[in-house]
Every structure is written in structure tokens, then in C-alpha cells.
Amino acid sequence: MVIGSGVGGGCIAHVLAPTGARIAILERGTRLPREDRNWDPEAVYANAAYKSEERWIDGSGRTFRPGQFYYVGGHTKVFGATMFRFRREDFLAMEHAGGLSPAWPIDYDTLEPYYARAERLFGVHGEAGADPTEPPRSGPYPHPPLRHNPVIAEVAERLRAQGLRPFPMPSSVQDHEGGACVRCNTCDGFPCRLGAKGDAETRLIDPVLQHENVTLRTEAQVVRLRADTAGRRIVAAEMLDGTEVQGDLFVLAAGAVNSAAILLRSMHARHPDGLANSSGVVGRHYMNHNCTAVMAVRPFRANREPFQKTLALNDFYLGDGAGGPPLGNLQLLGKIMEPMLRNEIRRVPRWARAWLAAHSVDWYAMSEDLPHPESRVRVRGDGTIVLDWRRTNMAAHKTLVAKTRRMLRAAGFPIVLSKAFAKETPSHQCGTVRFGHDSAEAPLDPFCKAFDLDNLYVVDASFFPSSAAVNPALTVAAQALRAGEHIASTALH
């Protein structure tokens, strides 16, 4: 049984479907319809048409509406299709300005074949060797890099003139011969009404449903897992409607916040603090990248070119350029439009917001959030999720944003505005059910199997011991493929 139909759950199903084992995928949401409003910024951003109505509570007791999207395909239905591998250094212990980023229980070389497989599965575009921090690869990208529009091509040249090394961003969109992509401005943060984005529904779930042994059940929200009397095996998933679904092996892939919440709700006589939690760290070490949107504005030159999300910069990923600590990644956002600014700068007149959006090139500055034991997911007695995020490493992030502002001004953008992402946007959530070698410190082993249980795996970004500073989707996919291969060779025989 696979709980969740995002990248992790979809990759597990992809590996196990050919074995003939009966696989039931449970998804709490529905299919996201392909419709005109998929590309309408008024509907998607101003009216939050596809965002869940769910409410969480923050560490101070304030109720908020998180940026959660419950659909077949999970958050990938609205992701920006960016598919980075983690750097080799991300798997090692690394000192940051805010503290230590811990080592992983596996190294980059262990995951490299699965990264390559995941890139083929998602049809990733990219240019091997262009990123100065790129780890070794066993082969090229499946598709050539996405072409820059004229504005972005000029920006890239201006950055190179400063001695920087911008490179084509790895991306999973069908912008190749026979592909459906039309290079619109509504890729990042929007559903694709053409199915041209490499989301988990189109690349994973729909193909595995061609196997007769695989079924998908939507509107099936799992709230807790029930273990047997001995507390060693999961026997059923309990649903919001009070029903149960039984199974022999359970894969939890509901997202780092919800997977932790499900385990914490699943108290048992032998597991009073929740299932898989003898270490006491389920729900702890929550991470979500420190992110800031940066608008670079040229007042006398409008930017009406389509599809700008093609360029990235890692010059400050492993250090600040002057012998100091790592700062993070810089990549282009999808094109910002006026409705996307409305809730962020309400006091600015609408015409001014529209002018800014029409004259900007838009960036995403991302720094590593370090694991903190008190940054955590908890569950109240009524089942409500409490997300108490303790931000870390913010000094490094502020330095990255300051460098970005100077760099963009030098590139010919006299006005550079920035706005940090709030905790209501948990799009890169990770770390709440970490994997490791020691059951006293981690709930999961290096294959993402729970130490405390014989038939439970957790394969979303919950397993991350650190967040790194690039998008998590490809790393979730690679480890899920690896875990699925392990399940197929051990648990199914």
C-alpha cells in the first residue's frame, strides 16, 4: 500500500508495478482538472483556487492556511519542474554560518545511478558540465538544455561579464520534439493544462496504472496507521471517514509534514509516542529552505518574453566567494504577474504592481535550512497539525540576497526588490522522519525502512537529514527508486 501519489509514492509504484504485486495507491485529493483557469493568475494566486482549505497552527498558536496542494501527483502539480541533483558535498558534514549540516548515511556515489534513472524517468533537460558545482555524472541529460529567451540570454551574458558562471537550469518540461510544452509564462506555481510539465501524475502515476495490479483510490485521506498487537507490523491504514484499508506492506509518502503527523497520531501500547518513534525524533528536525523572491526591474524596458525559468547560478553554493561559508543557490522564478503580488504588497496601487511585473526579471534565492530538534511537527489532541518552524542559517541567506541585489544592479537592473517567503509556504518541507545508521537517532534505516517496524517505509522528503540548497524533487525520486528496488528484492520475496 502506497500512501501519497507524489514523487516518492509514484517512484515506489513505478519500481514495484512490474513485479506483479498488488499495489494500492491512496491519495487524499482528487485529480486536478485541466481547465482554462489552470493558467489564470487571478484564479491561481489571487483566489488560491487549488490551494487546500486546511488550517494548521504555528508555534505561537496562530492558525494559518498552508500552501498545501492535495491532488494526484502531489505538490508537483504546481512545482516549477526544477530537477537538481544534490551536490556531492551535500551528502557530507558541512559547516555553515548557522551551524553544522550533518552527513547522510549514504554518499553521492550510492545515489548517482538512481539520479540518472530519475532524470530519464522525468525527461530532464540540462547541460552536463555547465554547473561549476555539479557532481560527477555517469551520462548526459536525457534532453538538451532549455533555450533562453532573448532577455534571459542577455542577462546570462551580463552575469558572465562579472566573472560569474550562470548555467541552464535542469528542468522537467516537454520542450523538445514531440513534446507538448508551448513555453508559456505559467509553469512555475501553476498546473499545466497541457500535461507538458514533468509532474508525478503524468510521469509516474498514469503510466503505472496501465498495470492491472495497480489501483488508485482518490479522496482517501489516511489519518493514522494501525499496528498489530506486538507492535511490529502495520496491519491497516485508518481513513478520515472511519474505514480501514488493510495491507501487507506500507509505504508512507504523504509529505514531510503529513507523514510525521500520521505516525504521531498512530499511538500504540508499545509505541506511546507514535509509530516508528522509539528514537523520539519523528516530527523533529523539520526544514524548509530559506527562500526570497527577488524582482530585478529595468524601468525603461518591458519584459514580455515568455518562459523565463531557464537559468541558475551556483557560484556561492559551496562558499561566499571570499573563503567564507556556503550561501546557496540562485535560480529564475516563473514570470511574476500582478495578481501574484497582490497579497504581498497590498498598499501599492494595482497599476504600480502591474508596472513592476511588466518590467521585471524574477529570481529565487535559496539557502540551506539546518536541522534543529525543536523545529518540529506536532499533533494536537483533535488531530490538528502544529508546525513550529525554527528558522536557521538566516545570516547566510541575508548575505546571499545582498550579493544577488548587487549582482543584478551591476547587470543593468537599477531597481531590485526582495520579499522573503513566509512559513505558510512549505513547498520544500523535509527532515521530519530522517534516515540514518543508528535507531537511537533516526526512525529510518538507509533504505528508508522503519527500524521499529517490519513492513513500513517512508519515502517522501521526510527522510532528509539535511535540506541542502537546491530543489528536493529529484533526490526524493532517486532514493525512492533505490528503496523500491530494495523492497522488490527483499520484502516481496
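Biologist: Why is Thr215 called partly exposed?

Modeller: Its relative accessible area is 45%. Buried means under 20%, exposed means over 50%, and partly exposed is what lies in between, with a 1.4 Å probe and protein chains only. The 45% of Thr215 falls in between, so partly exposed is the right word. One thing to keep in mind is that this is a predicted model, where local features need pLDDT of at least 70, side-chain atom pairs count only at pLDDT 80 or more, and totals for chains, interfaces and linings use all residues. Residues are numbered from 1 along each chain as its sequence is written, and side-chain values use heavy atoms, with hydrogens and water left out.

Biologist: Where does Thr215 sit, and what does it touch?

Modeller: Thr215 is in strand S8 (residues 214-217); helices here are DSSP runs of H or I with at least four residues, strands are runs of E with at least two, and both are numbered from the N terminus. Setting aside residues up to four places away in sequence, Thr215 touches Ile23, Ala24, Ile25 and Leu209, where contact means heavy atoms within 4.5 Å.

Biologist: What makes Arg203 partly exposed?

Modeller: Its relative accessibility is 23%, which lies between the two cut-offs, so Arg203 counts as partly exposed. This residue is in helix H5. Beyond its neighbours within four places in sequence, Arg203 is in contact with Arg120, Leu121, Phe122, Gly123, Gln174 and Gly198.

Biologist: And why does Gly231 count as buried?

Modeller: At 1% relative accessibility, Gly231 is under the cut-off, so buried it is. Gly231 is in the loop between S9 and strand S10 (234-239). Leaving out neighbours within four places, its contacts are His268, Arg270, His271, Asp452 and Leu453. The C-alpha atoms of Gly231 and Leu275 are separated by 8.5 Å, with their positions 44 residues apart along the chain.

Biologist: What makes the phi of Arg183 worth a remark?

Modeller: Most residues other than glycine have a negative phi. Arg183 is not a glycine, yet has a positive phi of about 55 degrees. Arg183 lies in the loop between strand S7 (167-168) and helix H5 (200-208), and at 10% relative accessibility it counts as buried.

Biologist: Which value of phi does Phe307 have, and is it buried or exposed?

Modeller: Phe307, again not a glycine, has a positive phi of about 50 degrees. With a relative accessible area of 4%, Phe307 is buried; its place is the loop between S13 and S14.

Biologist: Let's turn to the helices. How do you know that H9 has close to its expected span?

Modeller: The expected span is 1.5 Å times one less than the number of residues. H9 (residues 394-410) has 17 residues, and the expected value is 24 Å; from first C-alpha to last, the helix reaches 24 Å. After H9 comes Gly412, with a positive phi near 105 degrees.

Biologist: Which residues of H9 are buried, and how do you know that they share a side?

Modeller: They are Ala396, His397, Leu400, Val401, Thr404, Met407 and Leu408. These residues cover an arc of only 140 degrees around the axis, which puts them on the same side of H9; the arc is that of the directions from the helix axis to the C-beta atoms. The face turned away from the buried side carries the exposed residues Ala395, Lys398, Arg406 and Ala410. The cover over the buried residues includes helix H4 (150-160) and strand S13 (290-297).

Biologist: What makes helix H6 mostly covered?

Modeller: Nine of the ten residues of H6 (256-265) are buried. Among them are Val257, Asn258, Ile262 and Leu263. The strands they pack against include S3 (56-58) and S9 (222-227).

Biologist: At what angle do H1 and H10 cross, and with which hand?

Modeller: The axes of H1 (residues 7-16) and H10 (residues 473-489) come within 8 Å and cross at roughly 35 degrees. Axes are lines fitted to C-alpha atoms, for helices over the stretch in contact, with angles from 0 to 180 degrees between N-to-C directions. The crossing is right-handed: the near helix is turned clockwise from the far one by less than a right angle, whereas anticlockwise would be left-handed. The contact includes Val7, Cys11 and Val15 of H1 and Ala473, Ala480 and Ile487 of H10.
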